[in-house]
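Please open the model in your viewer and keep the selection tool at hand, because we will walk from one place to the next.

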Amino acid sequence: MDRLIIFDTTLRDGEQSPGASMTREEKLRIARQLERLRVDVIEAGFAAASNGDFEAVRSIAAAIKDSTVCSLSRANDKDIARAAEALAPAASRRIHTFIATSPLHMQMKLRMTPEQVLEQARLAVRFAGRFTDDIEFSTEDGSRSDPDFLCRVLEAVIAEGASTVNIPDTVGYAVPEQYGQLLRSLRERVPNAHRAVWSVHCHNDLGMAVANSLSGVLNGVRQIECTINGLGERAGNTALEEVVMALRTRSDVFGVDTQIDTTQIVATSRLVSNITGFPVQPNKAVVGANAFAHASGIHQDGVLKARQTYEIMRAEDVGWSANRIVLGKLSGRNAFKQRVQELGIPVESEADLQSAFGRFKELADRKAEIFDEDIQALFSDEEIGHHKEHFHLVSISQRSQTGGQPSAEVVFSVGAVEQRAKAEGNGPVDAVFKAIESRVVSGSELLLYSVNAITTGTESQGEVTVRLARGGRIVNGVGADLDIIAASAKAYISALNKLYTTAERLNPQTAMAP
Ligand code: KIV
Ligand code: ZN
(Lines give C-alpha, C1' and ligand atoms only; values in the text may rest on other atoms or scores of the structure.)
(Ligands and ions follow the chains in the order given, each with its own letter.)
Protein backbone atom coordinates (compact mmCIF):
# COMPACT_ATOMS: atom_id res chain seq x y z
CA MET A 1 0.00 0.00 0.00
CA ASP A 2 1.09 3.56 -0.69
CA ARG A 3 2.34 5.47 2.37
CA LEU A 4 0.64 8.71 3.33
CA ILE A 5 2.54 11.32 5.31
CA ILE A 6 0.83 12.67 8.43
CA PHE A 7 1.89 16.25 9.10
CA ASP A 8 0.65 17.39 12.50
CA THR A 9 0.16 21.11 13.04
CA THR A 10 -1.46 21.05 16.51
CA LEU A 11 1.44 23.09 17.87
CA ARG A 12 1.21 25.74 15.13
CA ASP A 13 -2.23 26.03 13.50
CA GLY A 14 -3.87 24.36 16.53
CA GLU A 15 -2.27 26.92 18.80
CA GLN A 16 -3.89 29.67 16.72
CA SER A 17 -7.29 28.83 18.31
CA PRO A 18 -8.19 31.63 20.71
CA GLY A 19 -7.17 30.46 24.16
CA ALA A 20 -5.11 27.48 23.01
CA SER A 21 -1.73 29.14 23.45
CA MET A 22 0.74 26.86 25.20
CA THR A 23 3.94 27.29 27.14
CA ARG A 24 7.20 25.81 25.88
CA GLU A 25 6.98 22.96 28.41
CA GLU A 26 3.42 22.15 27.36
CA LYS A 27 4.40 22.13 23.70
CA LEU A 28 7.29 19.83 24.48
CA ARG A 29 5.00 17.38 26.28
CA ILE A 30 2.65 17.32 23.29
CA ALA A 31 5.55 16.95 20.84
CA ARG A 32 6.85 13.92 22.76
CA GLN A 33 3.40 12.37 22.63
CA LEU A 34 3.13 13.10 18.88
CA GLU A 35 6.43 11.28 18.42
CA ARG A 36 4.97 8.32 20.34
CA LEU A 37 1.94 8.50 18.04
CA ARG A 38 4.48 8.27 15.18
CA VAL A 39 3.45 11.30 13.16
CA ASP A 40 5.86 11.89 10.27
CA VAL A 41 6.16 15.67 10.65
CA ILE A 42 5.56 17.89 13.70
CA GLU A 43 5.00 21.54 12.83
CA ALA A 44 6.34 22.90 16.10
CA GLY A 45 5.49 26.58 15.62
CA PHE A 46 6.33 29.72 13.73
CA ALA A 47 9.85 30.57 14.87
CA ALA A 48 9.85 34.20 13.68
CA ALA A 49 6.55 35.04 15.41
CA SER A 50 8.04 35.64 18.86
CA ASN A 51 10.96 34.66 21.08
CA GLY A 52 8.60 32.26 22.87
CA ASP A 53 7.77 30.51 19.61
CA PHE A 54 11.44 30.41 18.61
CA GLU A 55 12.42 28.78 21.91
CA ALA A 56 9.57 26.27 21.66
CA VAL A 57 10.59 25.21 18.13
CA ARG A 58 14.22 24.96 19.22
CA SER A 59 13.45 22.81 22.29
CA ILE A 60 11.26 20.49 20.26
CA ALA A 61 13.91 20.27 17.53
CA ALA A 62 16.45 19.23 20.18
CA ALA A 63 14.18 16.68 21.88
CA ILE A 64 12.48 14.85 19.00
CA LYS A 65 14.37 12.10 17.20
CA ASP A 66 11.81 10.01 15.27
CA SER A 67 9.65 12.68 13.59
CA THR A 68 10.74 15.50 11.30
CA VAL A 69 10.43 18.87 13.07
CA CYS A 70 9.14 21.78 11.01
CA SER A 71 8.76 25.54 11.44
CA LEU A 72 6.43 27.77 9.47
CA SER A 73 7.84 30.97 7.97
CA ARG A 74 6.56 33.67 5.69
CA ALA A 75 8.21 33.85 2.28
CA ASN A 76 11.04 36.20 3.28
CA ASP A 77 14.70 35.69 4.13
CA LYS A 78 14.42 36.94 7.71
CA ASP A 79 11.65 34.49 8.68
CA ILE A 80 13.33 31.62 6.88
CA ALA A 81 16.70 32.24 8.53
CA ARG A 82 15.01 32.38 11.93
CA ALA A 83 13.19 29.09 11.22
CA ALA A 84 16.49 27.48 10.15
CA GLU A 85 18.20 28.70 13.33
CA ALA A 86 15.44 27.28 15.55
CA LEU A 87 15.51 23.96 13.68
CA ALA A 88 19.30 23.60 13.77
CA PRO A 89 19.38 20.96 16.56
CA ALA A 90 16.82 18.70 14.82
CA ALA A 91 17.74 15.19 13.67
CA SER A 92 15.44 15.80 10.69
CA ARG A 93 14.16 19.30 9.84
CA ARG A 94 11.75 20.95 7.43
CA ILE A 95 11.22 24.61 6.53
CA HIS A 96 7.62 25.39 5.58
CA THR A 97 7.26 28.68 3.75
CA PHE A 98 4.10 30.19 2.31
CA ILE A 99 2.58 33.12 0.48
CA ALA A 100 -1.02 33.86 -0.52
CA THR A 101 -1.93 33.24 -4.16
CA SER A 102 -5.64 34.10 -4.42
CA PRO A 103 -6.58 37.36 -6.18
CA LEU A 104 -8.32 38.56 -3.01
CA HIS A 105 -5.35 37.95 -0.73
CA MET A 106 -2.78 39.27 -3.21
CA GLN A 107 -4.69 42.50 -3.86
CA MET A 108 -6.26 43.26 -0.49
CA LYS A 109 -3.82 41.77 2.01
CA LEU A 110 -0.41 41.67 0.37
CA ARG A 111 -0.98 44.54 -2.10
CA MET A 112 1.27 42.71 -4.54
CA THR A 113 0.86 41.78 -8.20
CA PRO A 114 0.80 38.10 -9.18
CA GLU A 115 4.25 38.53 -10.78
CA GLN A 116 5.67 39.88 -7.52
CA VAL A 117 4.14 36.98 -5.58
CA LEU A 118 5.58 34.47 -8.03
CA GLU A 119 9.04 36.02 -7.71
CA GLN A 120 8.86 36.13 -3.91
CA ALA A 121 7.80 32.47 -3.76
CA ARG A 122 10.69 31.49 -6.03
CA LEU A 123 13.26 33.46 -4.01
CA ALA A 124 11.96 32.15 -0.69
CA VAL A 125 12.32 28.51 -1.70
CA ARG A 126 15.76 29.22 -3.19
CA PHE A 127 16.84 30.81 0.11
CA ALA A 128 15.40 27.96 2.21
CA GLY A 129 17.53 25.58 0.12
CA ARG A 130 20.63 27.02 1.82
CA PHE A 131 19.53 25.33 5.06
CA THR A 132 17.78 22.07 4.13
CA ASP A 133 16.57 19.88 1.26
CA ASP A 134 13.25 19.31 3.01
CA ILE A 135 11.29 22.40 1.94
CA GLU A 136 7.53 22.72 1.91
CA PHE A 137 5.83 25.50 0.01
CA SER A 138 2.17 26.48 0.60
CA THR A 139 -0.07 28.58 -1.61
CA GLU A 140 -2.18 30.26 1.07
CA ASP A 141 -5.88 30.46 0.09
CA GLY A 142 -5.00 27.96 -2.64
CA SER A 143 -8.55 26.66 -3.06
CA ARG A 144 -9.69 30.17 -4.11
CA SER A 145 -6.69 30.84 -6.37
CA ASP A 146 -6.66 30.88 -10.16
CA PRO A 147 -5.56 27.37 -11.29
CA ASP A 148 -3.44 28.79 -14.14
CA PHE A 149 -1.55 31.01 -11.70
CA LEU A 150 -1.19 28.11 -9.22
CA CYS A 151 0.40 26.02 -12.01
CA ARG A 152 3.00 28.72 -12.65
CA VAL A 153 3.83 29.18 -8.97
CA LEU A 154 4.00 25.46 -8.23
CA GLU A 155 6.19 24.69 -11.22
CA ALA A 156 8.55 27.51 -10.20
CA VAL A 157 8.88 26.46 -6.55
CA ILE A 158 9.39 22.80 -7.42
CA ALA A 159 12.11 23.86 -9.87
CA GLU A 160 13.74 25.81 -6.99
CA GLY A 161 13.73 22.70 -4.77
CA ALA A 162 10.40 22.54 -2.92
CA SER A 163 10.02 18.85 -2.02
CA THR A 164 6.43 19.20 -0.77
CA VAL A 165 3.77 21.48 -2.25
CA ASN A 166 0.66 22.20 -0.21
CA ILE A 167 -2.59 23.68 -1.56
CA PRO A 168 -4.48 24.87 1.53
CA ASP A 169 -8.18 25.44 1.82
CA THR A 170 -7.37 28.29 4.19
CA VAL A 171 -10.91 29.54 4.73
CA GLY A 172 -12.73 26.19 4.67
CA TYR A 173 -14.56 27.07 1.45
CA ALA A 174 -13.84 23.97 -0.64
CA VAL A 175 -16.23 21.09 -1.32
CA PRO A 176 -14.76 17.62 -1.73
CA GLU A 177 -15.39 16.91 -5.41
CA GLN A 178 -14.30 20.34 -6.66
CA TYR A 179 -11.21 20.43 -4.41
CA GLY A 180 -10.21 16.92 -5.49
CA GLN A 181 -10.55 17.90 -9.15
CA LEU A 182 -8.44 21.01 -8.60
CA LEU A 183 -5.67 18.91 -7.06
CA ARG A 184 -5.84 16.30 -9.81
CA SER A 185 -5.70 18.87 -12.59
CA LEU A 186 -2.78 20.73 -10.93
CA ARG A 187 -0.84 17.48 -10.64
CA GLU A 188 -1.53 16.72 -14.28
CA ARG A 189 -0.68 20.17 -15.58
CA VAL A 190 2.46 21.05 -13.61
CA PRO A 191 5.30 19.54 -15.69
CA ASN A 192 7.60 18.73 -12.73
CA ALA A 193 4.74 17.64 -10.41
CA HIS A 194 6.31 14.19 -9.88
CA ARG A 195 9.33 15.75 -8.15
CA ALA A 196 7.28 16.83 -5.10
CA VAL A 197 4.91 15.29 -2.58
CA TRP A 198 1.47 16.91 -2.86
CA SER A 199 -0.25 17.96 0.31
CA VAL A 200 -3.60 19.22 1.62
CA HIS A 201 -4.31 21.52 4.56
CA CYS A 202 -8.02 22.03 5.19
CA HIS A 203 -10.02 24.18 7.58
CA ASN A 204 -13.38 23.12 8.91
CA ASP A 205 -15.56 26.22 8.48
CA LEU A 206 -18.25 24.23 6.64
CA GLY A 207 -17.54 20.98 8.49
CA MET A 208 -15.82 19.44 5.44
CA ALA A 209 -12.13 19.50 6.38
CA VAL A 210 -11.83 15.71 6.73
CA ALA A 211 -13.90 15.03 3.60
CA ASN A 212 -11.86 17.53 1.59
CA SER A 213 -8.57 16.02 2.79
CA LEU A 214 -9.72 12.52 1.85
CA SER A 215 -10.83 13.77 -1.54
CA GLY A 216 -7.27 15.00 -1.97
CA VAL A 217 -5.99 11.48 -1.23
CA LEU A 218 -8.28 10.02 -3.91
CA ASN A 219 -6.73 12.51 -6.31
CA GLY A 220 -3.09 11.69 -5.67
CA VAL A 221 -2.20 13.72 -2.59
CA ARG A 222 0.24 11.92 -0.27
CA GLN A 223 0.43 14.28 2.72
CA ILE A 224 -2.40 15.42 4.99
CA GLU A 225 -1.92 18.32 7.40
CA CYS A 226 -4.07 17.91 10.49
CA THR A 227 -4.38 18.51 14.22
CA ILE A 228 -5.35 16.48 17.26
CA ASN A 229 -9.07 16.84 18.04
CA GLY A 230 -9.34 19.07 14.95
CA LEU A 231 -7.99 22.01 16.98
CA GLY A 232 -7.20 25.14 14.97
CA GLU A 233 -8.00 28.61 13.73
CA ARG A 234 -11.80 29.34 13.82
CA ALA A 235 -13.68 26.04 13.32
CA GLY A 236 -10.40 24.15 13.34
CA ASN A 237 -8.41 21.93 11.00
CA THR A 238 -8.73 18.39 9.70
CA ALA A 239 -8.86 16.06 12.73
CA LEU A 240 -5.89 13.66 12.72
CA GLU A 241 -7.77 10.87 14.48
CA GLU A 242 -10.60 11.01 11.94
CA VAL A 243 -8.50 10.93 8.77
CA VAL A 244 -6.18 8.26 10.13
CA MET A 245 -9.05 5.97 11.13
CA ALA A 246 -10.94 6.65 7.88
CA LEU A 247 -7.85 5.69 5.86
CA ARG A 248 -7.36 2.55 7.91
CA THR A 249 -10.99 1.44 8.16
CA ARG A 250 -11.68 2.12 4.47
CA SER A 251 -8.35 1.07 3.01
CA ASP A 252 -10.43 -0.67 0.33
CA VAL A 253 -11.37 2.81 -0.96
CA PHE A 254 -8.23 4.83 -0.30
CA GLY A 255 -5.46 2.25 -0.80
CA VAL A 256 -3.00 4.15 1.40
CA ASP A 257 -1.86 3.73 5.00
CA THR A 258 -0.01 5.76 7.58
CA GLN A 259 2.64 4.79 10.12
CA ILE A 260 0.51 6.13 13.01
CA ASP A 261 0.34 3.98 16.16
CA THR A 262 -3.42 4.26 16.51
CA THR A 263 -3.39 2.89 20.07
CA GLN A 264 -1.88 6.25 21.12
CA ILE A 265 -4.78 8.28 19.70
CA VAL A 266 -6.94 8.57 22.83
CA ALA A 267 -3.99 9.40 25.09
CA THR A 268 -2.89 12.13 22.67
CA SER A 269 -6.39 13.53 22.44
CA ARG A 270 -6.70 13.74 26.21
CA LEU A 271 -3.30 15.34 26.62
CA VAL A 272 -4.10 18.05 24.07
CA SER A 273 -7.52 18.61 25.62
CA ASN A 274 -6.06 18.89 29.12
CA ILE A 275 -3.28 21.24 28.13
CA THR A 276 -5.36 23.55 25.96
CA GLY A 277 -8.54 23.36 28.03
CA PHE A 278 -10.63 22.52 24.96
CA PRO A 279 -12.93 19.68 26.02
CA VAL A 280 -13.75 16.94 23.50
CA GLN A 281 -17.47 16.76 22.74
CA PRO A 282 -18.96 13.37 23.77
CA ASN A 283 -20.20 12.56 20.25
CA LYS A 284 -16.88 13.43 18.57
CA ALA A 285 -15.80 10.70 16.14
CA VAL A 286 -13.11 8.30 17.42
CA VAL A 287 -12.14 10.20 20.61
CA GLY A 288 -15.50 11.34 22.04
CA ALA A 289 -16.67 9.57 25.22
CA ASN A 290 -19.69 8.15 23.36
CA ALA A 291 -17.84 7.14 20.19
CA PHE A 292 -17.97 3.47 21.15
CA ALA A 293 -20.88 3.51 23.63
CA HIS A 294 -23.98 1.64 22.55
CA ALA A 295 -27.02 2.89 24.40
CA SER A 296 -29.95 1.42 22.48
CA GLY A 297 -31.04 -2.12 23.33
CA ILE A 298 -31.03 -3.19 19.68
CA HIS A 299 -27.45 -2.07 19.23
CA GLN A 300 -26.28 -3.63 22.49
CA ASP A 301 -27.91 -6.90 21.57
CA GLY A 302 -26.30 -6.85 18.12
CA VAL A 303 -22.83 -6.02 19.48
CA LEU A 304 -23.04 -8.81 22.06
CA LYS A 305 -23.94 -11.32 19.35
CA ALA A 306 -21.40 -10.12 16.80
CA ARG A 307 -19.31 -7.06 17.39
CA GLN A 308 -19.18 -6.06 13.72
CA THR A 309 -22.97 -5.57 13.56
CA TYR A 310 -22.65 -2.00 14.83
CA GLU A 311 -18.90 -1.47 15.27
CA ILE A 312 -16.67 -0.56 12.33
CA MET A 313 -13.58 0.02 14.46
CA ARG A 314 -12.38 -1.57 17.69
CA ALA A 315 -12.23 0.78 20.67
CA GLU A 316 -8.94 -0.74 21.82
CA ASP A 317 -7.34 -0.03 18.43
CA VAL A 318 -7.54 3.69 19.13
CA GLY A 319 -6.49 3.37 22.76
CA TRP A 320 -9.76 3.02 24.66
CA SER A 321 -9.22 0.30 27.21
CA ALA A 322 -11.58 -2.69 27.09
CA ASN A 323 -11.93 -2.87 30.85
CA ARG A 324 -12.36 0.69 31.99
CA ILE A 325 -12.47 0.08 35.77
CA VAL A 326 -8.80 -0.20 36.38
CA LEU A 327 -7.63 0.50 39.87
CA GLY A 328 -8.83 1.00 43.43
CA LYS A 329 -7.75 1.73 46.97
CA LEU A 330 -5.68 -1.42 47.28
CA SER A 331 -3.73 -0.97 44.07
CA GLY A 332 -0.04 -0.55 44.61
CA ARG A 333 2.58 1.69 43.06
CA ASN A 334 3.58 -0.89 40.43
CA ALA A 335 0.02 -1.41 39.21
CA PHE A 336 -0.39 2.36 39.05
CA LYS A 337 2.87 2.81 37.14
CA GLN A 338 1.97 0.06 34.69
CA ARG A 339 -1.44 1.59 33.95
CA VAL A 340 0.14 5.02 33.46
CA GLN A 341 2.52 3.48 30.92
CA GLU A 342 -0.27 1.58 29.16
CA LEU A 343 -2.20 4.82 28.83
CA GLY A 344 0.85 6.42 27.22
CA ILE A 345 0.93 9.25 29.77
CA PRO A 346 4.30 10.98 29.58
CA VAL A 347 5.93 11.19 33.01
CA GLU A 348 8.98 13.35 33.18
CA SER A 349 10.56 12.10 36.42
CA GLU A 350 10.25 9.58 39.24
CA ALA A 351 9.30 12.51 41.50
CA ASP A 352 6.35 13.36 39.22
CA LEU A 353 5.25 9.72 39.26
CA GLN A 354 5.56 9.54 43.04
CA SER A 355 3.52 12.68 43.56
CA ALA A 356 0.86 11.45 41.09
CA PHE A 357 0.72 8.18 43.05
CA GLY A 358 0.12 10.22 46.23
CA ARG A 359 -2.78 12.02 44.54
CA PHE A 360 -4.09 8.67 43.27
CA LYS A 361 -4.15 7.31 46.85
CA GLU A 362 -6.00 10.40 48.08
CA LEU A 363 -8.55 10.00 45.29
CA ALA A 364 -8.93 6.25 45.91
CA ASP A 365 -9.77 7.00 49.54
CA ARG A 366 -12.68 9.11 48.36
CA LYS A 367 -13.78 7.09 45.29
CA ALA A 368 -14.10 3.30 45.06
CA GLU A 369 -13.47 2.81 41.34
CA ILE A 370 -10.70 4.65 39.57
CA PHE A 371 -11.15 4.84 35.79
CA ASP A 372 -8.57 5.57 33.09
CA GLU A 373 -9.95 9.09 32.75
CA ASP A 374 -9.36 9.67 36.48
CA ILE A 375 -5.74 8.62 36.08
CA GLN A 376 -5.31 10.92 33.10
CA ALA A 377 -6.76 13.82 35.11
CA LEU A 378 -4.13 13.22 37.81
CA PHE A 379 -1.56 14.30 35.24
CA SER A 380 -3.36 17.44 34.10
CA ASP A 381 -1.59 20.76 34.09
CA GLU A 382 -2.84 21.99 37.42
CA GLU A 383 -2.01 18.68 39.10
CA ILE A 384 1.52 18.12 37.90
CA GLY A 385 2.44 21.75 37.58
CA HIS A 386 1.43 22.89 41.05
CA HIS A 387 4.82 22.64 42.66
CA LYS A 388 6.28 24.85 39.93
CA GLU A 389 3.35 27.24 39.47
CA HIS A 390 2.92 30.70 40.95
CA PHE A 391 -0.61 30.21 42.32
CA HIS A 392 -1.61 27.00 44.06
CA LEU A 393 -4.88 26.02 45.74
CA VAL A 394 -4.44 24.93 49.35
CA SER A 395 -8.02 24.50 50.60
CA ILE A 396 -11.52 25.67 50.08
CA SER A 397 -14.75 25.82 52.06
CA GLN A 398 -18.07 27.12 50.90
CA ARG A 399 -21.62 27.49 52.21
CA SER A 400 -24.82 27.66 50.30
CA GLN A 401 -28.42 27.08 51.30
CA THR A 402 -31.78 27.73 49.72
CA GLY A 403 -32.68 31.38 50.09
CA GLY A 404 -29.28 32.37 51.53
CA GLN A 405 -26.33 34.11 49.90
CA PRO A 406 -23.57 31.60 49.02
CA SER A 407 -20.15 32.36 50.48
CA ALA A 408 -16.69 30.84 50.10
CA GLU A 409 -13.34 30.92 51.82
CA VAL A 410 -10.31 30.01 49.70
CA VAL A 411 -6.77 29.48 50.89
CA PHE A 412 -4.15 29.56 48.16
CA SER A 413 -0.47 30.28 47.87
CA VAL A 414 1.03 33.02 45.74
CA GLY A 415 4.69 32.07 45.36
CA ALA A 416 5.72 31.23 48.93
CA VAL A 417 3.04 33.38 50.60
CA GLU A 418 -0.26 31.91 51.74
CA GLN A 419 -3.39 33.99 51.14
CA ARG A 420 -6.83 33.57 52.72
CA ALA A 421 -9.78 35.20 51.00
CA LYS A 422 -13.53 35.28 51.63
CA ALA A 423 -16.36 36.44 49.40
CA GLU A 424 -20.04 36.12 48.74
CA GLY A 425 -21.45 35.47 45.29
CA ASN A 426 -24.54 34.70 43.26
CA GLY A 427 -23.69 31.02 43.52
CA PRO A 428 -20.92 28.94 45.13
CA VAL A 429 -18.67 29.08 42.04
CA ASP A 430 -19.14 32.83 41.73
CA ALA A 431 -18.23 33.19 45.42
CA VAL A 432 -15.04 31.15 44.95
CA PHE A 433 -13.93 33.15 41.91
CA LYS A 434 -14.69 36.43 43.67
CA ALA A 435 -12.69 35.33 46.71
CA ILE A 436 -9.64 34.51 44.57
CA GLU A 437 -10.00 37.73 42.59
CA SER A 438 -10.23 39.81 45.78
CA ARG A 439 -6.55 38.95 46.38
CA VAL A 440 -5.15 38.46 42.87
CA VAL A 441 -6.97 41.39 41.21
CA SER A 442 -6.20 40.05 37.74
CA GLY A 443 -8.85 42.24 36.12
CA SER A 444 -9.56 39.41 33.68
CA GLU A 445 -12.89 38.70 32.04
CA LEU A 446 -14.47 35.25 32.40
CA LEU A 447 -15.31 34.12 28.86
CA LEU A 448 -16.29 30.53 29.49
CA TYR A 449 -17.11 28.23 32.38
CA SER A 450 -18.01 24.59 31.69
CA VAL A 451 -18.25 21.38 33.71
CA ASN A 452 -17.98 17.83 32.34
CA ALA A 453 -18.27 14.56 34.21
CA ILE A 454 -15.00 12.71 33.57
CA THR A 455 -16.64 9.30 33.85
CA THR A 456 -20.21 8.18 34.53
CA GLY A 457 -22.37 8.28 37.66
CA THR A 458 -22.58 10.76 40.50
CA GLU A 459 -19.31 9.40 41.87
CA SER A 460 -17.52 10.85 38.84
CA GLN A 461 -14.96 13.60 39.08
CA GLY A 462 -16.02 16.88 37.55
CA GLU A 463 -13.67 18.47 35.03
CA VAL A 464 -14.05 22.23 34.85
CA THR A 465 -12.77 24.50 32.09
CA VAL A 466 -12.36 28.22 32.69
CA ARG A 467 -11.46 30.68 29.93
CA LEU A 468 -10.11 34.09 30.95
CA ALA A 469 -9.27 37.12 28.80
CA ARG A 470 -7.08 40.07 29.66
CA GLY A 471 -5.44 42.66 27.43
CA GLY A 472 -6.13 40.71 24.22
CA ARG A 473 -4.78 37.49 25.68
CA ILE A 474 -7.06 34.47 26.15
CA VAL A 475 -6.13 31.49 28.32
CA ASN A 476 -7.87 28.26 29.36
CA GLY A 477 -7.49 26.51 32.69
CA VAL A 478 -8.68 23.00 33.56
CA GLY A 479 -9.24 21.44 36.99
CA ALA A 480 -10.64 18.08 38.09
CA ASP A 481 -11.98 17.00 41.47
CA LEU A 482 -14.79 14.97 43.00
CA ASP A 483 -16.07 18.27 44.39
CA ILE A 484 -16.96 20.47 41.42
CA ILE A 485 -16.51 23.65 43.46
CA ALA A 486 -12.92 22.59 44.20
CA ALA A 487 -12.50 21.66 40.50
CA SER A 488 -13.72 25.15 39.62
CA ALA A 489 -11.18 26.77 41.95
CA LYS A 490 -8.39 24.60 40.47
CA ALA A 491 -9.44 25.53 36.93
CA TYR A 492 -9.53 29.25 37.79
CA ILE A 493 -6.10 29.06 39.40
CA SER A 494 -4.72 27.09 36.45
CA ALA A 495 -5.97 29.83 34.09
CA LEU A 496 -4.40 32.52 36.31
CA ASN A 497 -1.08 30.66 36.20
CA LYS A 498 -1.22 30.81 32.41
CA LEU A 499 -2.22 34.46 32.42
CA TYR A 500 0.72 35.35 34.64
CA THR A 501 3.31 33.16 32.90
CA THR A 502 6.24 35.18 31.67
CA ALA A 503 6.59 33.00 28.57
CA GLU A 504 6.18 35.28 25.61
CA ARG A 505 3.37 34.36 23.28
CA LEU A 506 2.02 36.03 20.26
CA ASN A 507 -0.66 34.62 18.05
CA PRO A 508 1.26 33.74 14.88
CA GLN A 509 -1.61 35.17 12.85
CA THR A 510 -0.81 38.60 14.32
CA ALA A 511 2.76 38.30 13.19
CA MET A 512 1.57 37.28 9.73
CA ALA A 513 -0.34 40.51 9.20
CA PRO A 514 1.42 42.51 6.45
O1 KIV B 1 -4.50 27.77 6.49
C2 KIV B 1 -3.45 28.04 5.90
O3 KIV B 1 -3.40 28.45 4.73
C4 KIV B 1 -2.21 27.86 6.64
C5 KIV B 1 -0.94 27.98 5.84
C6 KIV B 1 0.02 28.88 6.49
C7 KIV B 1 -0.41 26.61 5.54
O8 KIV B 1 -2.21 27.59 7.81
ZN1 ZN C 1 -4.22 26.76 8.39
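Begin by selecting helix 14 (residues 350–366), where the buried residues, meaning those under 20% relative accessible area with a 1.4 Å probe and protein chains only, are Asp352, Leu353, Ala356, Phe357, Arg359, Phe360, Leu363 and Ala364. These residues cover an arc of only 165 degrees around the axis, taken from the directions from the helix axis to the C-beta atoms, so they lie on the same side of helix 14. An α-helix has 3.6 residues a turn, so residues three or four places apart point the same way. Now turn the view to the face directed away from the buried side, which carries Ala351, Glu362 and Asp365 as exposed residues, exposed being over 50% relative accessible area and partly exposed lying in between.

This is a predicted model, in which local features need pLDDT of at least 70 and side-chain atom pairs count only at pLDDT 80 or more, while totals for chains, interfaces and linings use all residues. Residues are numbered from 1 along each chain as its sequence is written, chains are lettered from A and ligands numbered from 1 in the order in which they are written, and side-chain values use heavy atoms, with hydrogens and water left out.

Next, select the zinc ion (ligand 2), whose protein donors are Asp13 (OD), His201 (NE2) and His203 (NE2), at 2.0 to 2.1 Å from it. Donors are N, O and S atoms within 2.8 Å of the metal (3.2 Å for Na, K and Ca), and sites may look incomplete since water is not among the atoms. Asp13 lies in the loop between strand 2 (5–8) and helix 1 (24–37), and His201 lies in strand 8 (residues 197–202), so this pair ties together parts that are 188 residues apart in sequence. Both Asp13 and His201 are buried.

From there, move to strand 2; helices (H or I, at least four residues) and strands (E, at least two) are DSSP runs, numbered from the N terminus. Strands pair if DSSP finds at least two bridges between them, and strand 2 pairs with strand 9 (residues 223–226) in the parallel sense over four bridges, with Ile224 in strand 9 as the bridge partner of Ile6. Strand 2 also runs parallel to strand 3 (residues 41–45), joined by two bridges, and Phe7 stands opposite Val41 in strand 3.

Finally, select Cys202 and Cys226: are they buried or exposed? Cys202 is buried, with a relative accessible area of 0%, and Cys226 is buried, also with 0%. The sulfur of Cys202 is 10 Å from the closest cysteine sulfur, in Cys226, which is too far for a bond, a disulfide being a pair of cysteine sulfur atoms within 2.5 Å.

Technical notes:
Expected span 1.5 Å × (residues − 1).
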